[in-house]
Amino acid sequence: MADSSTQSIIIGAAPERVTAVICDFAAYPEWTDAVRRAEVVEEYEDGYASQVRFTIDAGVMADEYVLAYEYAEDVSRIEWHLVAPSKMQKSQRGSYDLVGNPDGSTTVTYTLEVDLSVGMLGMFRRKAEKMIMDTALKQLKRRVEATDAAQ
């Protein structure tokens with residue numbers, strides 16, 4: 001059974017900038033350590049990705065899988081789920097919730113629930129989840145703030 005984990009970070013950019021980076025899936029290999037390839041395989045009529053194929057290599061875990069995405073009307077929430085079980089995962093559900101702050105920054109809350117196909121002790125799984133989420137949020141923050149500084 002999968003446990004849900006949640007972490008938040010404040011990014012020094014408006015929600016629209018954060019959303020633009022999150023939704024630029026093809027660029028993920030440029031700024032995320034584990035993603036080797038991200039390919040949009042289906043899009044909604046508005047151009048947002050509805051399904052994305054990921055190839056990841058995080059050392060002890062390598063996998064290829066497709067996630068289906070849904071977006072809130074104002075794109076303040078981006079949700080996803082695993083389309084079909086992969087080599088390493090039985091299921092995956094996640095979301096980003098973005099809240100604009102009065103100072104122009106954005107609070108991003110990342111929630112992730114993964115049910116692995118391989119057995120892993122609870123304490124090791126929780127430690128791995130925390131590390132994955134912490135790394136993902138820090139890399140997102142670095143990418144958004146670097147992109148903003150370059151403009």
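**Charged pairs and a charged patch**

Let me begin with Arg143 and Glu30, whose side chains meet in a salt bridge at 2.9 Å, N to O, where a salt bridge is a side-chain nitrogen of Lys or Arg within 4 Å of a carboxyl oxygen of Asp or Glu. Arg143 lies in helix H3 (residues 122-150) and Glu30 in helix H2 (residues 28-31), so the pair ties together parts that are 113 residues apart in sequence; helices (H or I, at least four residues) and strands (E, at least two) are DSSP runs, numbered from the N terminus.

I should say that this is a predicted model, in which local features need pLDDT of at least 70 and side-chain atom pairs count only at pLDDT 80 or more, while totals for chains, interfaces and linings use all residues. Residues are numbered from 1 along each chain as its sequence is written, and side-chain values use heavy atoms, with hydrogens and water left out.

Glu30 is exposed, with a relative accessible area of 60%, whereas Arg143, at 22%, is partly exposed; buried means under 20% relative accessible area, exposed over 50%, and partly exposed in between, with a 1.4 Å probe and protein chains only.

How many salt bridges does the structure hold? There are eight salt bridges, and a network of them links Arg37, Glu39, Arg53 and Glu64. Within that network, the side chains of Arg53 and Glu39 meet at 3.3 Å, N to O, and this pair links strand E3 with strand E2, 14 residues apart. Arg53 also forms a salt bridge with Glu64, with the closest N and O atoms 3.7 Å apart, and here strand E3 is linked to strand E4 (residues 62-71).
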